[in-house]
Amino acid sequence: MSSYKIKPLDRIDKLILSTLQGDGRISNVELAKKVNLSASPCLDRVKRLENDGYIERYGAFLNASKLNFGMTAFVQVTLSKTTSESFKGFKKEVVTIKEVVECHLIAGGYDYLLKIRFADIESYRLVLEKIGALPDIAQTSTYMVTEHIKQDSGVPLD
């Protein structure tokens, strides 16, 4: 077992995380200015935050409509049985459907909540066929998104 201890986050760490979450392309020099550090200690902190797992990855937010995935729906999925094998089989297959952009195991009245993106109703029907063909599906219910009010912009930080 490693003796490496994760250092608790201080105000500057949280400011670095907040700034990077808002602009992952910011240069280290600009980031250092924003958090009132010199470049070298700022870079050291970013590397530590990456190594400690606070920063999982960097990416870009894409315009789904311009890429022909402008429609969104949430699909509740209920499995016909809730065995370990059923959950494993479902998880193994659902990740192969590119239109499924999120999949969450839910405690409550159904088993999974999927967020799907697609171009149009015909595309939706084809995605629903793929979902319906997954192992041990008993029932699905779809909720179409008609307006995006607030989307995930990251983890709320101080």
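Modeller: Before we start, one definition: rings of Phe, Tyr and Trp pair if their centres lie within 6.5 Å, with planes under 30 degrees apart counting as stacked and over 60 as edge-to-face. Keep in mind that this is a predicted model.

Biologist: Thanks! Which residues do ring pairs link into a cluster?

Modeller: The structure holds 3 aromatic pairs. Phe 87 and Tyr 112 form one of them, with ring centres 6.0 Å apart. Phe 90 and Tyr 112 form another aromatic pair, 4.2 Å centre to centre. Ring pairs thus give a cluster of Phe 87, Phe 90 and Tyr 112.

Biologist: Is the pair of Phe 90 and Tyr 112 stacked or edge-to-face?

Modeller: Planes under 30 degrees apart count as stacked. For Phe 90 and Tyr 112 the angle between the planes is 25 degrees. The pair links helix 4, where Phe 90 lies, to strand 3, where Tyr 112 lies, 22 residues apart. The label for Phe 90 and Tyr 112 is therefore stacked.

Biologist: And Phe 87, is that residue buried or partly exposed?

Modeller: Buried means under 20% relative accessible area, and exposed means over 50%. Tyr 112, at 2% relative accessibility, is buried. Phe 87 has 21% relative accessibility, so Phe 87 counts as partly exposed.

Biologist: Let's turn to the sheet. Which strands stand at the edges?

Modeller: The open sheet is formed by 4 strands with antiparallel pairing, in the order 2-3-1-4. Each edge strand has a single partner strand, so one side of each is left without a neighbour in the sheet. The edge strands are strand 2 (100-105) and strand 4 (137-144).

Biologist: How many bridges join strand 1 to strand 3?

Modeller: Strand 1 and strand 3 run antiparallel. Gln 76, for instance, has Leu 113 in strand 3 as its bridge partner. The number of bridges joining strand 1 to strand 3 is 7.

Biologist: What angle does helix 5 make with strand 4?

Modeller: Helix 4 packs on the sheet, with its direction at about 15 degrees to that of strand 3. Helix 5 lies across strand 1, strand 2, strand 3 and strand 4. The angle of helix 5 to strand 4 is about 155 degrees.

Biologist: How many residues does the largest nonpolar core have?

Modeller: Strand 1 (71-79), helix 4 (84-94), strand 3 (112-118) and helix 5 (121-132) each give two or more residues to this core. Val 77 is among the residues with the most contacts inside the core. Leaving aside neighbours within four places in sequence, Val 77 is in contact with residues including Phe 90, Leu 114 and Ile 131. The residue count of the largest core is 16.

Biologist: Now for charges. Which residues are linked with Asp 13 in a network of salt bridges?

Modeller: The side chains of Arg 48 and Asp 13 meet in a salt bridge at 2.8 Å, N to O. Arg 48 lies in helix 3 and Asp 13 in helix 1, so the pair ties together parts that are 35 residues apart in sequence. Both Arg 48 and Asp 13 are buried. Linked with Asp 13 in the network are Asp 10, Arg 45 and Arg 48.

Biologist: One more: is Lys 115, the partner of Glu 102, buried or partly exposed?

Modeller: The salt bridge of Glu 102 and Lys 115 spans 4.0 Å, N to O. Glu 102 is partly exposed, with a relative accessible area of 31%. Lys 115 has 14% relative accessibility, so Lys 115 counts as buried.

Methods
Residues numbered from 1 in each chain as written. Predicted model: local features only at pLDDT ≥ 70, side-chain atom pairs only at ≥ 80, totals over all residues. Heavy atoms only, no water. Core = buried A, V, L, I, M, F, W, Y, C linked by side-chain atoms within 4.5 Å. Buried < 20%, exposed > 50% of the residue type's maximum accessible area, 1.4 Å probe, protein only. Contact = heavy atoms within 4.5 Å. Pairing = 2+ DSSP bridges. Axes fitted to C-alpha atoms, helices over the stretch in contact; angles between N-to-C directions.
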